[in-house]
Amino acid sequence: MSKYECPCDYVYDPAEGDYENGIEAGTAFEDLPDSWVCPLCGAEKEFFEKLD
């Protein structure tokens, strides 16, 4: 599963998930709910870019 980076430099790592916002480890970025936003700056998913 790929990592995705927010313009604020937060990196969503599916291996870690986003525990504080109820996202379990192992959740792919594509499987995040549409309502999920960056936990640091509040940016929506559409602003994240896939890391190679």
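What follows is a conversation about reading a predicted model, feature by feature.

Biologist: Let's begin with the overall fold. How many helices and strands does the chain have?

Modeller: Keep in mind that this is a predicted model. The chain has 0 helices and 3 strands, and reading along the sequence gives the pattern β-β-β.

Biologist: What does the radius of gyration say about a chain with 52 residues?

Modeller: The idea is to set the value beside what a compact globule with that many residues would have. For 52 residues that would be near 10 Å, and the chain has 10 Å, so the two agree. As for its extent, the C-alpha trace spans about 25 × 25 × 15 Å along the principal axes.

Biologist: And what share of the residues is buried?

Modeller: Buried residues make up 35% of the 52 in the chain. On the outside, the chain exposes about 3700 Å², with carbon and sulfur atoms supplying 45% of that area.

Biologist: Which residues make up the largest nonpolar core?

Modeller: The general idea first: in soluble globular proteins, nonpolar side chains tend to be buried together. Here the largest nonpolar core has 11 residues: Y4, C6, Y10, Y12, I23, F29, L32, W36, C38, A43 and F48. You can also ask how far along the sequence the contacts reach. Among contacts with a separation of 6 or more, 42% are between residues 24 or more positions apart.

Biologist: Which residues does the UniProt annotation "binding site" cover?

Modeller: The record, an unreviewed entry, puts that annotation on C6, C8, C38 and C41. A useful check on any such set is whether its members come together in space. These four span 36 residues in sequence, yet no two of their C-alpha atoms are more than 8.9 Å apart, so they gather at one spot. Keep in mind that such annotations may be inferred rather than shown by experiment.

Biologist: Let's take C6. Is C6 buried or exposed?

Modeller: C6 is buried, with a relative accessible area of 2%. You'll find C6 in the loop between β1 and β2. Setting aside residues up to four places away in sequence, C6 touches C38, C41, A43 and F48.

Biologist: C38 is on that list. Where is C38 found, and what does C38 touch?

Modeller: C38 is in the loop between β2 and β3 and is buried too, at 3% relative accessible area. With residues up to four places away left out again, C38 touches C6, C8, Y10, A43 and F48. Now look from the other side: beyond its neighbours within four places in sequence, A43 is in contact with C6, V37, C38 and F48.

Biologist: P39 comes right after C38 in the numbering. Which residues is P39 in contact with?

Modeller: Leaving aside neighbours within four places in sequence, P39 is in contact with Y10, D18 and N21. P39 lies in the loop between β2 and β3 and is partly exposed, with a relative accessible area of 35%. Sequence distance and space distance are separate readings, and here P39 and D18 are 21 residues apart in sequence and 8.2 Å apart in space, C-alpha to C-alpha.

Biologist: How far apart are E20 and D34 in space?

Modeller: That pair is 17 Å apart, C-alpha to C-alpha, with their positions 14 residues apart in sequence. E20 sits in the loop between β2 and β3, and at 75% relative accessibility E20 counts as exposed.

Biologist: On to charges. How many salt bridges does the structure hold?

Modeller: The structure holds 1 salt bridge. D13 pairs with K3, and their closest N and O atoms are 3.8 Å apart. D13 lies in the loop between β2 and β3 and K3 in the segment before β1, so the pair ties together parts that are 10 residues apart in sequence. D13 counts as buried at 14% relative accessibility, while K3 is partly exposed at 39%.

Biologist: One last feature, the backbone. What is the phi of D9?

Modeller: With phi, the sign is worth a look. For D9, phi is near 85 degrees, a positive value in a residue other than glycine. D9 is in the loop between β1 and β2, and D9 is exposed, with a relative accessible area of 57%.

Terms used. This is a predicted model: local features need pLDDT of at least 70, side-chain atom pairs count only at pLDDT 80 or more; totals for chains, interfaces and linings use all residues. Side-chain values use heavy atoms; hydrogens and water are left out. A salt bridge is a side-chain nitrogen of Lys or Arg within 4 Å of a carboxyl oxygen of Asp or Glu. Helices (H or I, at least four residues) and strands (E, at least two) are DSSP runs, numbered from the N terminus. Buried means under 20% relative accessible area, exposed over 50%, partly exposed in between (1.4 Å probe, protein chains only). Contact means heavy atoms within 4.5 Å. The radius of gyration is taken over C-alpha atoms; the globule rule is 2.2 Å times the number of residues to the power 0.38. Accessible areas come from the Shrake-Rupley method with a 1.4 Å probe; for residues, only the protein chains shown count as cover. A nonpolar core is a set of buried Ala, Val, Leu, Ile, Met, Phe, Trp, Tyr and Cys residues joined through side-chain atoms within 4.5 Å.
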